[in-house]
Amino acid sequence: MGNELLGPHVGIVQDICSRIEALRAGGPPNGPRVILLRGPAGVGKSRIVREVYERLAGQSQSPRYWPPLPEIGDRILTERKVLAPPRETMHWAERALPEFAWWELSSEETSSGLLRDGASSLNAQLLMHAVPLAAAKLQHTGALQRLGSAATGVFDRVRDVFVNEGADFAIEALLDAVGLFVPVPRALLDLTVDAAKGLGTGHRRRADVKLDVDLGAQHNERQRTLTAETADALREAATPELPGIVVAEDLHFMSGDAAQLLDRLLVPDSEHPTLLIGTVWPEAEATGPYAEWLAGQLPGVVAVVDVPLLGTDDLIALVRQRAEHTDEAVARQVGERLQVPLAVEMFLTEGKAKRDIRRNNGRLTEAEITGLPDGLEGLYEDRWKQLPEPTRWALACAVATEPLGDPFARFPVSAIISVLRETLDDQVADAEGSLRYAIDLSGWCLDQDGVQLFTEHLLTLRASRFVGGAFSEADIAEFRTIARREMVEAIDRDRVLLSLPDTKLATLMCRWYLSLTTAEDPNLVDATALWRRAEEEAARGSLGTAATTAHRALEVAGGHLDLRDTLLIDLRHRAAVWLGDSGQALRARGLLVAMFQEVVERSEPGRLHPITMDLRADIARFTGLADDPEGAVNLLHEQLEQQAAFYGPVSRAVFTTQIDQLEWRALFDPVVAIVRAQGLLMDLYEPHGGRDARFHEPHNGRFHDLGLRVLRFIAGQHLAAGNVDAASEFFGRLLDEQLRIYGENSDEALDTRLNLAINTQNSGDYAGAVAAFTSVIESYEARLGSRAPQTMAARSYLAILICAEVDLDQGLPMLKELMVDQSEVLGPTHPDTFDSRFRHAMFTSQLGRNRECIDLLEQLLAELENARNATHSHIDFTKLLLREALQRGDAPSA
């Protein structure tokens, strides 16, 4: 049925599969992380991606986790775009575990910024695969061995819950079984819990799960954008034994949001090897977010594979896959006229040709190819003319009304139906049926729960050409007025105060409404649409812009609603946090204090309500960030009293606040902070089995991550204060626990070993420090490769130590080699690269090679002044060292 790969495309599939197997084998770590399949529309790029999936899935051990993709039948336009198994075909077979992770970024989402939408296909995929992938990861890492007999039957129990109760309950079951003992992927499960919420499934203890998943991770990223969470979730699913593959069709239409997600996804990370396979048009490389994204990739990251047109013999073979008895001369004419596989298959599956093949026992006759169009666009033109006239009018109306310049012309179906009924009832008697025909019978459009969009950009363009001859500017203005009225009714009907359902339809309606509105007297519909825009801006990390938009939404709402309503307090709280996290801590604190007073003065919710305590926690945080750590400590003291009364004295909330309080206290009273931290460490032991208990044991495993956090805090404070012996003691205790819980080569254990090496250097034992750094580097290299960011950070410590304290002639080549690796992997003006280049120049000067030092600094300064990511401090330091070198004179190089 036209599913067999042909010609040179077979070799491309083999090359991609070889790259994936290299990732699985742990190398080469510095190969391309992006493969772009470049070629004209219809040449077979998507078909190649489908074949890569089938090869990987087919090579999996039995029983296989990943099912076959649906065969490409007669609905070519839509079926060929299925690059991942549909949700309804997925079934977690007994004893099946995935051997790779496969994620699809749909072209309609990467082009629209809807990747962040709560109902995005990514969220559905995360919900579907997170638990099986986490189970496979635990299997591959050998972490279950540490559970001993408790591991027996874990996967069978979790799978039963997954099949019978759903993914969100399976997450809970997995965490209950192993989450207290082994590091499951934090971002993956965090985002999956959110996906379950967005898709309407229940979760019995979502807050507890999200807290418990963070096993020992530092709480140093309070504000994480949804882009970062999504990218981290996709990446964390992968291991060297379980490589991650992300496929994205029509990547040339990407939005800036998609570019941001891909940049985060593709950071160098040998521990989580992830490969992006994208399809692109050659002519799309000149402008737009895709061109900017492509130009910003470092050498070696992207491999562009030009997908060639199939030769005539291959196209003849393609014709015979669907009409096996066709004469060679007829098949040759079809291939030569239609040129690309998509056009050939579309022609062979349309009604007239299909009937001819059936009547003639699998043979396409010469009579049937009379008047055959030229190429794909010619075939689209024929298909357009074959559409019923009402459907053509309906699609043209949708394209004319669409106000955002969307390449796939997404439109809210209800709005366009209203437009058609009021303006084009003579041409379109059945508005709903005419639009439905474009989905069900022609494949011109896709339906996404009330949002309809064109299957291909070229189809959008064809409908656009109809618009010019059919509608005047006055017609289009009338269409948009009616559509806006429909959206006013829908938004007002569906909103709860300012909140709307987390769906693509709601988001698209708000976008359309705002683009079509110039209201001088804004109302609650305007406020609701503005609030949805603020949520989108916050999700992409534009927190300052989000805060401004949210302020405008709340300002409008204040003329119609009581902003002291509990639900509106929550929205105001979120807006203030966006403002504070954008760098305006003092202003955010003022807004939160005013909210807090409003809430406390009312009998409900009162001082002990979680809303009140959440407000106080952020007031304390922004007080500290506004250079008042003592104020933060005092506020957290009051918070502790309220939390102890509400949650109980032995609770995660209380212990977490105590740690937050210690971290702020350390900024002005580090000695007392250390003493109190040691007392807290005892409290974390004492209520749960005595001071000799281990954090990871069942009766207190729930808080072991907090115990590790306290140990890390104490050790870090001693390290910063130069208390070498005490730092060594507590880093040693921390390492013992990490080795026991996470294993020898875990991120946590390696980071602590690096800190121990730094502490050894601080003690003056340079030989011991060199040995310790060398050992850590060897472990990093074995696990991540020599050019992973963590490995290069450890190499930097070692090279600088040897240059400064051991042997400059030995250390300088090490620093130079590191500098080259950092430039190629991180970029020439990345802060880590800058530090190495700056020190290389400085140490070169100390060897008496002043002219060489000047040349290095002048080159570095020129690059910094032209770099977007350079900081003023980097430029100032470089200028200062260059000025000193010039004052020493142009001494000859050694």
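**Exercise 1. Which residue in β8 is the bridge partner of Cys 445?**

Before solving, a word on the model. It is predicted, so local features need pLDDT of at least 70 and side-chain atom pairs count only at pLDDT 80 or more, while totals for chains, interfaces and linings use all residues. Residues are numbered from 1 along each chain as its sequence is written, and side-chain values use heavy atoms, with hydrogens and water left out.

*Solution.*
- Step 1: Find the strands. Helices (H or I, at least four residues) and strands (E, at least two) are DSSP runs, numbered from the N terminus.
- Step 2: Look at β7 and β8 (residues 451-454), which pair in the antiparallel sense over four bridges. Two strands count as paired if DSSP finds at least two bridges between them.
- Step 3: Read off the partner: Cys 445 is bridged to Phe 454 in β8.
- Step 4: Place the pair in its sheet. Three strands, in the order β6-β8-β7, make an open antiparallel sheet. β6 (411-412) and β7 (445-448) are at the edges with a single partner strand each, so one side of each has no neighbour in the sheet.

**Exercise 2. Find the residues with the most contacts inside the largest nonpolar core.**

*Solution.*
- Step 1: Know what to look for. A nonpolar core is a set of buried Ala, Val, Leu, Ile, Met, Phe, Trp, Tyr and Cys residues joined through side-chain atoms within 4.5 Å. Buried means under 20% relative accessible area, exposed over 50%, and partly exposed in between (1.4 Å probe, protein chains only).
- Step 2: The largest such core has 79 residues, and Phe 347, Leu 364 and Phe 471 have the most contacts inside it.
- Step 3: Helix α18 (residues 389-401) gives this core its largest share, eight residues.
- Step 4: Zoom in on Phe 471. Leaving out residues up to four places away in sequence, its contacts (heavy atoms within 4.5 Å) include Trp 393, Ala 396, Cys 397 and Ala 400.
- Step 5: A second, separate core of 43 residues includes Ala 673, Phe 730, Tyr 742 and Ile 777.

**Exercise 3. Describe the surroundings of Arg 837.**

*Solution.*
- Step 1: Arg 837 belongs to helix α38 (residues 831-846).
- Step 2: With a relative accessible area of 10%, Arg 837 is buried.
- Step 3: The side chain of Arg 837 comes to 3.0 Å from the backbone oxygen of Pro 828.
- Step 4: Beyond its neighbours within four places in sequence, Arg 837 touches Met 819, Pro 828, Gln 859, Leu 860 and Glu 863.

**Exercise 4. Compare three salt bridges, starting with Glu 345 and Arg 322.**

*Solution.*
- Step 1: Side chains of opposite charge can pair when their charged atoms come close. A salt bridge is a side-chain nitrogen of Lys or Arg within 4 Å of a carboxyl oxygen of Asp or Glu, and the structure holds 37 of them.
- Step 2: Glu 345 and Arg 322 meet at 3.1 Å, N to O. Glu 345 sits in helix α15 (residues 341-349) and Arg 322 in helix α13 (residues 312-322), 23 residues apart. Glu 345 is buried at 8%, and Arg 322 is buried at 14%.
- Step 3: Glu 381 and Arg 465 pair with their closest N and O atoms 3.5 Å apart. Glu 381 is in helix α17 (residues 375-386) and Arg 465 in helix α21 (residues 457-470), so this bridge ties together parts 84 residues apart in sequence. Arg 465 is exposed at 51%.
- Step 4: Arg 493 and Asp 494 form a bridge at 3.4 Å; Arg 493 is exposed at 57%, whereas Asp 494 is partly exposed at 36%.

Definitions and conventions: A polar contact is a pair of N or O atoms within 3.5 Å; within protein, one must be able to donate a hydrogen and the other to accept it, and residues adjacent in sequence count only if both atoms are side-chain atoms.
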